[in-house]
Amino acid sequence: MRARFSGAIWFWRGPAPFHFVTVPPEESAMIGEVASAVTYGWGMIPASVTIGATTVTTALWPKDGGYIVPIKKLLQDRESVTIDDIVDLTLDIDA
């Protein structure tokens, strides 16, 4: 399954800080349809995410009935993106 969308990078200051992009509702619903077949537990969905020319593997996190995409430091550094930047993402999920 492939999904393409844009979103703003936001910061979550938890026990370990993370940067995320929220998956829009339509794409979250599509992911939800395959979630039970691909999750490895706790609702986490293995995926690859591409921003610009950089692709990394990650896992989507469930949040508020949808999903959020962690934006790894490698993506931030290679694509020169940071908090509040609007990025174009491509998600690939093996379903």
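This section describes the overall dimensions, the sheet and the nonpolar core of a predicted model.

The protein chain contains two helices and seven strands. Read from the N terminus, these elements follow the order β-β-β-α-β-β-β-α-β. Along the principal axes, the C-alpha atoms occupy a box of roughly 35 × 30 × 20 Å. For 95 residues, a compact globule would be expected to have a radius of gyration near 12 Å; the value for the protein chain is 12 Å and therefore agrees with that expectation. Of the 95 residues, 42% count as buried. The protein chain exposes about 5400 Å², of which carbon and sulfur atoms supply 54%. When contacts between residues at least 6 apart in sequence are considered, 57% of them join residues at least 24 apart.

The seven strands are arranged in an open sheet, in the order β1-β7-β4-β5-β6-β3-β2, with antiparallel pairing. The edges are occupied by β1 and β2 (10-12), each of which has a single partner strand, so one side of each is left without a neighbour in the sheet. From one strand to the next, the twist averages 40°. At one of these edges, the antiparallel strands β1 and β7 are joined by seven bridges. Within this pairing, arginine 4 stands opposite threonine 90 of β7. Helix α1 packs on the sheet, where it touches β1, β4, β5, β6 and β7. The direction of α1 makes about 85° with that of β6.

The largest nonpolar core comprises 24 residues. Within this core, the residues with the most contacts are Ile31, Ile45, Leu60, Val69, Ile71, Leu89 and Leu91. Two or more residues are contributed by each of the elements β1 (2-8), α1 (25-38), β4 (45-51), β5 (54-63), β6 (66-70) and β7 (86-92). The strands in this list are also those touched by α1 as the helix packs on the sheet.

The surroundings of isoleucine 31 illustrate how the core is assembled. With residues up to four places away in sequence left out of the count, isoleucine 31 touches Met1, Val23, Ile45, Leu60, Tyr67, Leu91 and Ile93. Among these partners, Ile45, Leu60 and Leu91 are, like Ile31 itself, listed with the residues that have the most contacts inside the core.

How values were computed:
Residues numbered from 1 in each chain as written. Predicted model: local features only at pLDDT ≥ 70, side-chain atom pairs only at ≥ 80, totals over all residues. Heavy atoms only, no water. Core = buried A, V, L, I, M, F, W, Y, C linked by side-chain atoms within 4.5 Å. Buried < 20%, exposed > 50% of the residue type's maximum accessible area, 1.4 Å probe, protein only. Helix = DSSP H or I, 4+ residues; strand = E, 2+ residues; numbered from the N terminus. Contact = heavy atoms within 4.5 Å. Pairing = 2+ DSSP bridges. Axes fitted to C-alpha atoms, helices over the stretch in contact; angles between N-to-C directions. Rg over C-alpha atoms; globule rule 2.2 N^0.38 Å. Areas by Shrake-Rupley, 256 points an atom, 1.4 Å probe, with all protein chains shown as cover.
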